[in-house]
Structures are given as C-alpha cells and as structure tokens.
Amino acid sequence: MKINEELKNTLLGPLSKNNPIAVQVLGICSALAVTVELKPALVMGISVTIIVALANVVISLIRNTIPNSVRIIVQLVVVAALVTIVSEFLKAFAFDVSVQLSVYIGLIITNCILMGRLEAFAMSNKPGPAFLDGLGNGLGYAIILVAVAFVRELFGSGTLFGFQIVPHSWYEAGYLNNGLMMMPSMALILLACFIWIHRSVDKDLQEKG
Amino acid sequence: MENALSIFVRSIFVDNMIFAYFLGMCSYLAVSKNVKTSIGLGIAVTFVLLITLPVNYLLEVHVLKAGALSWLGDNFANLDLSYLSFILFIAVIAAIVQLVEMIVEKFSPSLYASLGIFLPLIAVNCAIMGGALFMQQRAGLEPTDPKALTSLVDVIAYALGSGFGWALAIVGLAAIREKLEYSDVPAPLRGLGITFITVGLMSLAFLCFSGLKL
C-alpha cells in the first residue's frame, strides 16, 4: 500500500502542489506563446505530456549505461528524436495547428520541464514511476496552458475552439473584444493571477519575505 | 547592408526574444535577481548566439533545405533533409556551448566561476534553439519579405540584435527586481507572481516599438 501511495503522489503532485509552471517555474516559454487560442494550447499540452512521459521512460531504461560526461547530449538526442516524430505527425494530421505552433514544437526540446524531469527523476528511478512522473508533469503543464488559453480566447475573440460563444447581439449592443488579451503581456499577467489564486489557496507555496 | 542594420534594430526592440516571443524565460526568471550576474549571462547568451546562428545557417542552406545537397552531385539534388534539423541544430548548439565553456575556463577563470552552472545551461536555453528555429523559418522566406534572412551578414546582424535584446531585457528586469526587494508585496504574489506582472508590464511597454518602420 505504501508503494501505491508514493506512486499516487508521483502522478498527482505535479498537478497542483508541485506544478511545473506555477511552482517549479519550468516550461514558461511555450506556456505564454501558444495560449492565444484554445486549440493550439490543447495540442501543445498533449504533445508535451506524451513527449515527457516517453522520454522519461526511455532515459530511465538506459540510465545505468549512460557515461556521465555525455549525459546531457544523450538526453537531448533522445528528446530531439521524439520531438521530430511528434512534429512530423502533427504536420501530417493537424497541419493548421502545426503552422500556428510553428517553432514552439521544436522548442519542446529545450523545454525546461523535460530537462528538469529527466535530470531530477528519470536518471534515478525505475521506468514505471518515471512514466507516471512524466504524465503528471505533462498534465500539470497542460492544465495551466488550457486555463490561460481559455481566458485569452474567450475575452480576446469571443470564441472557444473557433466556435462563437459571445452572442452577436452583444456586439451590436456595443460589446468589444478585448484586444489586449491577444498580446503577449496579458499571458504573463494572467499567469500571475493564476499563481496568486493558487498560492492564496495553498499557503505553503508562498515565498518568505 | 541597410537590410542587416534594419534587422539588427528590429531584433532588439520589435522582435525582442523575451517580450515578443518569450524565449529563454526560465533562466531569465532564475538569474534576474542580481544585476551583475544578469549582465554576465546576457553577454554569454549573445556570444553563444553569435557563434551558433551562423553555423546553423550554413548547415541549413548547404545540407538541410530541400535540394540543398545539390553541390554533392545531381543525384542528391532531390533530397530534403529538413526532418533532421532538430537533432542537428541541438547537437551543434551543445557542442559549441561545450567549446565556449572550455575556452572561458582557460582564458577567464573568474568569469567561469561567477557564471557557474548557467554556462552549460545555455545549451538548453530556449533562446538559442529558438533563435536557430526562427532563423530557419526566416531563411526560407521570399527575399522580398522584410523579415527574410538572405545572407550570412543578415544572420550575424540577427544574432547580435537578438542577443543584445535579450541582455537588455534581463538587465532591466534585474534592476527592477533589486528595487522590488524593499517593497511590500502581498504574500501570495511574492517572488514569482510580482515578477510575472513586472515582465508583463515591460512587455506592454515594448509594444510601442511595433510600429517602427525601418
């Protein structure tokens, strides 16, 4: 039962208590850039989850055979290969999203969450827990992405996933889409608001003055 | 030449790596508590960009692009190796950062000591890989497009501009954060939250450059 408790923490911890974006401060770059609309944010979140989970498993399987001096290069090559596969897959089956995501798919390679989890967890744990850790961190990342993208798309263009949510009658009455939501700055400020709410609810995460 | 100058200035203000594209945020947030280390990291990132971007550009034009290998012979002219770009770019970046680390250790041990772990971490800095990927995207544009990178000089101007823009952003944030130490920030916003709001406001300020016509 103790093993199950530990595994549960490995999977559920990164969803809130140890969230990669809000607590570990990893993976910020793509979290801000792709959240203008909900669809690319969701695709990005799912891609990163798959890549982190699989990379964790692969590195965990070969962790005892990597010489220490080439550790980073081996990790980078494994991740680059996985990202190439996901990128080609997206180009084939979801071309318009892959154009929207442009360079940020390639940037998953240097996404700090990947390097961080590979170094901190996969190098010293078995493949099973490593997979769960990757899954948990990827999902924690995806949750924040979807939350920010939800607000940005809803208030920035009145749509969600491309479907018009704000009724046309509101536009006629004088309602305007908030153009600032489409700007990069709002992503940062929204993230700060989410962190504010997160840390007000969970007081342990507040930094000491 | 004037295209290179325009690219240089645009990369600093309009296409700023931090404020427009959010590249290199992780090390940006981690190192910006102190102005001195920020200056050191800014210079290091500019230096690495200056070396890796031209090398990756040459790789892209002569090896990776569709039809790039035609200099090897006619039967190679149909090859499109662009799917190898991620692996090759990151390998080049990792190798060059390793080289830079060895050179810095040899010629300036004090700089090496003060940068510490952040020097090898530049290899996984989104700004470097992002610079290479944006360069690949822009090198593939039509030459009439103002954003196109058409020669090695353009790429060097892009590298210098991007690095300088990144350095400007990190030193600016470090200066503000040093002053924020003495402010009364509400507990849930302390540290990470107020930093994000500050960067958001700085990004808003840099939006004023987007109308720049050069």
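pLDDT is the predictor's confidence in each residue, from 0 to 100. The model here is predicted; local features need pLDDT of at least 70, side-chain atom pairs count only at 80 or more, and totals for chains, interfaces and linings use all residues. Residues are numbered from 1 along each chain as written, chains are lettered from A, and side-chain values use heavy atoms, without hydrogens and water.

**Exercise 1.** Find which elements of chain A have the lowest and the highest mean pLDDT.

*Solution.* Start with the whole chain. Chain A averages a pLDDT of 84, and 98% of its residues score at least 70. Now go by element. Helix H1 (residues 2-12) of chain A has the lowest mean, 74. Helix H3 (residues 38-61) of chain A has the highest, 91. A caution: where pLDDT is low, do not read predicted coordinates in detail.

**Exercise 2.** List the elements of chain A, then judge its compactness.

*Solution.* Count the DSSP runs: helices are H or I with at least four residues, strands are E with at least two, numbered from the N terminus. Chain A has 10 helices and 2 strands. Their order is α-α-α-α-α-α-α-α-β-β-α-α. Next, take the radius of gyration over C-alpha atoms; the globule rule is 2.2 Å times the number of residues to the power 0.38. Chain A has 19 Å, close to the rule's 17 Å for 209 residues, so it is as compact as a globular protein of that length.

**Exercise 3.** State how much of chain A is buried.

*Solution.* Buried means under 20% relative accessible area (1.4 Å probe, protein chains only). Buried residues make up 50% of the 209 in chain A.
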